[in-house]
Amino acid sequence: MTSISTGGGPTLEQRRAFSGIKDGAEIPGYRGYIPQLKYRVGSTYGAETLALSQDYGMKTNTSSGQECEKLVEQLPLTNGDNKFTEKMVPGYTGYVPRLMFKFGGTYRHDCDVSIGNFLTSRDSHADKQYELLRHTSANPRLTAISHDPDVKDKLNTYRDTHPIQATLIANKRPLREPPIPGYQGFVPRVFPTEVALGQRYNRATNSGLDLFIREQNHNRLINHSTPVRPITIDSPPVDFTTSSTRPGLDYSTRIYMRDGMIPKYTGYIPQRRYVFGNTYGDETRSLEVCAHQAPNFGAFVRSKTFA
């Protein structure tokens, strides 16, 4: 028997030879992922995994051992500052790049391969970015042609020889012109209203735009005939000793009315929790918060304080 780094005992090859498991089959109790295994029935676990490995060519850990050793050399050393190192141990719950796409191997092996591939791809991308920057810096910068007189002459020539296209480019499309079928932009009043029901796209958009224009004209006419005036709210002077306010103005901010509150009112009523045995209306009418004569309860409290 030979000792192994996982705690001693026989090697994997010795265990396979002792149990008679063929190369490519998995031992019962293996918790890794095996493609199409849940659709295979009627045979032993070893026989099913052997057949699946022959049908789908599943990779084994021994095939990537050389790749793992090559990638381990690129992994950063454990110095207390590096996050992804060569000594990733099982139980680490943080994010490991590309580890979610690995299965069937040990945690250490999959971490080494994933981190090595990530570092290799990162360095390759950095080299490509540096090479692109070097090429762009070596080439001369392009000059703007907006002030080139040849460009202006060619544009003027195109305008003179293509009057229809030049007119379409110079003039904006009118708002009343419906868009062509396949237009994915917003068309007002097409979806929120019924003007587009049962019509072709051209007729539907035309109806929506026509309704939008008519509403704009109507609102513009109303705004010109009756100009909007700013609304101001002036709080009237309140006499806290009486229930009267400014003469000629009915101003009240009462929440709790003298007639009592209606049943199922879910708001807060002061002191109601200490009154019981009556109906909801009688209870609220008997409370001081509803029985006072002031315009609101705050004015009533202040009048008691002033008195």
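This report walks through some local features of the structure above, from helix α4 to salt bridges, aromatic rings and the surface. Keep in mind that the model is predicted.

**Helix α4**

Let's start with α4, which runs over residues 107–138. With 32 residues at 1.5 Å a residue, α4 should span 46 Å, and its end C-alpha atoms are indeed 46 Å apart, so the two figures agree. Several residues of α4 are buried: His109, Asp110, Cys111, Asp112, Val113, Ser114, Ile115, Gly116 and Leu119. Take Cys111 as one of them: its relative accessibility is 0%, and anything under 20% counts as buried.

Cys290 is in a similar spot as far as cover goes, being buried with a relative accessible area of 0%. If you're wondering about cysteine crosslinks, the structure holds zero disulfides.

**Salt bridges**

Next, the charged side chains. Side chains of opposite charge can pair when their charged atoms come close. How many salt bridges does the structure hold? The count is nine. Here are three of the pairs, with the distance between N and O atoms.

| Salt bridge | N to O distance |
|---|---|
| Arg122 and Asp123 | 3.8 Å |
| Arg189 and Glu215 | 2.7 Å |
| Asp282 and Arg285 | 2.6 Å |

In the pair of Asp123 and Arg122, both partners have some access to the outside. Asp123 is partly exposed, with a relative accessible area of 40%, and Arg122 is partly exposed at 47%.

Now for Arg189 and Glu215, whose side chains meet in a salt bridge. This pair links distant parts of the chain, with the two positions 26 residues apart: Arg189 sits in the loop between α6 (163–170) and α7 (201–225), while Glu215 belongs to helix α7 itself. Arg189 has 26% relative accessibility and so counts as partly exposed. Glu215 also comes out as partly exposed, at 26%.

Asp282 and Arg285 make a more local link, within one helix: both are in α8 (residues 280–286), and because they are three residues apart, about one helical turn separates them. Asp282 is partly exposed at 35% relative accessible area, and Arg285 is partly exposed at 39%.

Salt bridges also join up into a network, which links Arg40, Glu48 and Asp55.

**The aromatic pair**

On to the rings. A pair of aromatic rings is described by the distance of the centres and the angle of the planes. The count for this structure comes to one aromatic pair. Which residues form the pair, and how do the rings sit? The partners are Phe297 and Phe300, in a tilted arrangement with 6.1 Å from centre to centre and 35° between the planes. Both belong to helix α10 (residues 297–306), where they are three residues apart, or about one turn of the helix.

Are these two rings buried or exposed? The two fall into separate classes: Phe297 has a relative accessible area of 30%, so it is partly exposed, whereas Phe300 has 15% and therefore counts as buried. The cut-off behind that split is 20% relative accessible area, under which a residue is called buried.

**The loop between α3 and α4, and a nonpolar patch**

The stretch between α3 (65–72) and α4 (107–138) is a loop, and Phe101 is found there. Phe101 has a relative accessibility of 63%, so it counts as exposed; the cut-off for that label is over 50%. Together with Tyr95 and Met100, Phe101 makes a nonpolar surface patch of about 430 Å².

Arg98 is in the loop between α3 and α4 too. Its backbone deserves a look: Arg98 has a positive phi of about 65°, although it is not a glycine. With 35% relative accessibility, Arg98 counts as partly exposed.

**Another positive phi**

Gln36 has a positive phi of about 65° as well, and it is not a glycine either. Where is Gln36 found? Gln36 lies in the loop between α1 (12–19) and α2 (45–56). At 35% relative accessibility, Gln36 counts as partly exposed.

Note on methods: Residues are numbered from 1 along each chain as its sequence is written. This is a predicted model: local features need pLDDT of at least 70, side-chain atom pairs count only at pLDDT 80 or more; totals for chains, interfaces and linings use all residues. Side-chain values use heavy atoms; hydrogens and water are left out. Patches are made of residues with over 30% relative accessible area and no salt bridge: like charges are joined within 9 Å, nonpolar side chains (Val, Leu, Ile, Met, Phe, Trp, Tyr) within 5 Å. Accessible areas come from the Shrake-Rupley method with a 1.4 Å probe; for residues, only the protein chains shown count as cover. A salt bridge is a side-chain nitrogen of Lys or Arg within 4 Å of a carboxyl oxygen of Asp or Glu. Helices (H or I, at least four residues) and strands (E, at least two) are DSSP runs, numbered from the N terminus. Buried means under 20% relative accessible area, exposed over 50%, partly exposed in between (1.4 Å probe, protein chains only). A disulfide is a pair of cysteine sulfur atoms within 2.5 Å. Rings of Phe, Tyr and Trp (its six-membered ring) pair if their centres lie within 6.5 Å; planes under 30 degrees apart count as stacked, over 60 as edge-to-face and the rest as tilted. The expected span of a helix is 1.5 Å times one less than its number of residues.
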